[in-house]
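Here's a quick tour of the structure shown below. Have it open while you read, and rotate it as you go.

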Amino acid sequence: MNDKKIKKRILMAFIGVIVSGLAVGLFRNARFGTDPFQVFVNGISNKVTFMDFGTLYMLINLLMLLIIFLLNKHHIGISTFVNIFLLGYVVQFSDDVVAGLVGDSPSMPVRIALLAAGLVILCFASAMYFTADLGVSTYDAVSLILTERKLGKFRYLRITTDVICVIVGFALGAVVGVGTVVTAFFMGPLIDFFNIHVARPFLYGKENKQ
């Protein structure tokens with residue numbers, strides 16, 4: 001692989017991870033519920049009150065990292081560690097900034113716009129760093145590993161892991177809303193769409209192949 005393509009992959013990895021954190025901030029302020037994995041983390045956060053969200057997010061991901069390392073080390077890379085050590089704080093920053101812009105009681109049209117933007121941006125960002133192939137978040141790796149083991153298509157396995165996260169998070173007291181349900185059922189297909197129509201063409205150009 002030439003230097004230009006390597007630089008593209010690194011750029012895609014960092015943009016993907018950071019932008020996904022910003023997207024989660026949009027989700028949180030839409031107040032329709034966050035994405036499934038955030039519901040899972042928020043549920044645990046409700047019980048672990050002595051630790052801030054960013055630190056808890058990092059620790060949960062470190063535990064999952066150990067599991068992914070044992071299952072398939074290929075999915076561990078730059079993006080993985082940026083996710084673990086930085087994403088939780090990016091989410092906190094995005095949450096604060098968006099809250100300052102829309103206020104404590106955003107109107108329904110604003111909330112719907114935040115939800116739609118958050119979902120589309122998150123799926124776009126995920127497709128970018130999936131295609132960069134420099135590691136993925138520990139949560140994203142779960143459905144990818146299950147796909148590689150021929151347990152089903154990615155979009156359906158992603159829906160399954162999302163639904164499990166929602167159930168566990170809800171049981172621990174996290175808020176589950178319309179946005180959470182929409183994300184659980186549409187994120188897998190939307191990531192596939194952005195992989196095919198944006199991320200792969202950007203990286204491979206006319207080759208447009210893996």
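Asp140 and Arg158 meet side chain to side chain in a salt bridge, at 2.7 Å from N to O. Asp140 sits in helix α6 (residues 138–148) and Arg158 in helix α7 (residues 154–171), so this pair ties together parts that are 18 residues apart in sequence. Keep in mind that this is a predicted model, and the distances here are computed from it.

Arg158 has a second partner: Asp162 forms a salt bridge with Arg158 too, with the closest N and O atoms 3.3 Å apart. Those two are four residues apart in helix α7, so about one helical turn separates them. Put the pieces together and you get a network of salt bridges linking Asp140, Arg158 and Asp162.

Are these charged residues buried or exposed? Asp140 is buried, at 3% relative accessibility. Arg158 is buried as well, at 3%. Asp162 comes in at 1% relative accessible area, so it counts as buried too, the cut-off being under 20%.

Now for another pair. The side chains of Asp95 and Arg28 meet in a salt bridge at 3.0 Å, N to O. Here Asp95 belongs to helix α4 (residues 78–102) and Arg28 to helix α1 (residues 3–30), so the contact ties together parts that are 67 residues apart in sequence. Asp95 counts as buried at 17% relative accessibility, whereas Arg28, at 26%, counts as partly exposed.

How many salt bridges does the count come to? Four. Among them are these three:

| Salt bridge | N to O distance |
|---|---|
| Asp140 – Arg158 | 2.7 Å |
| Asp162 – Arg158 | 3.3 Å |
| Asp95 – Arg28 | 3.0 Å |

On to an uncharged residue. Thr180 is found in helix α8 (residues 178–204). With 0% relative accessibility, Thr180 counts as buried. Which residues does Thr180 touch, leaving aside those up to four places away in sequence? The list runs Phe32, Gly33, Thr34, Pro36, Val39, Val166 and Val175. One of these partners, Val166, falls within the residue range of helix α7 (residues 154–171), the helix that also holds Arg158.

Stepping back to the whole chain, the protein has eight helices and zero strands. Following the sequence, the pattern reads α-α-α-α-α-α-α-α. The radius of gyration is 17 Å, close to the 17 Å that the globule rule gives for 210 residues, so the protein is as compact as a globular protein of that length. Along its principal axes, the C-alpha trace spans about 50 × 35 × 30 Å.

How much of the protein is buried? Buried residues make up 50% of the 210 residues. Among contacts with a separation of 6 or more, 75% are between residues 24 or more positions apart. The Asp95 and Arg28 pair, with its 67-residue gap, is one example of parts far along the sequence being tied together.

Finally, the surface and the charges. The accessible surface comes to about 10,300 Å², and carbon and sulfur atoms account for 69% of that. The protein carries 18 positive and 12 negative charges, and the mean positions of these two sets are 9 Å apart.

Definitions and conventions:
Residues are numbered from 1 along each chain as its sequence is written. This is a predicted model: local features need pLDDT of at least 70, side-chain atom pairs count only at pLDDT 80 or more; totals for chains, interfaces and linings use all residues. Side-chain values use heavy atoms; hydrogens and water are left out. The radius of gyration is taken over C-alpha atoms; the globule rule is 2.2 Å times the number of residues to the power 0.38. Buried means under 20% relative accessible area, exposed over 50%, partly exposed in between (1.4 Å probe, protein chains only). Contact means heavy atoms within 4.5 Å. Accessible areas come from the Shrake-Rupley method with a 1.4 Å probe; for residues, only the protein chains shown count as cover. Lys and Arg count as positive and Asp and Glu as negative; His and the chain ends are not counted. The place of a charge is taken as NZ of Lys, CZ of Arg, CG of Asp or CD of Glu.
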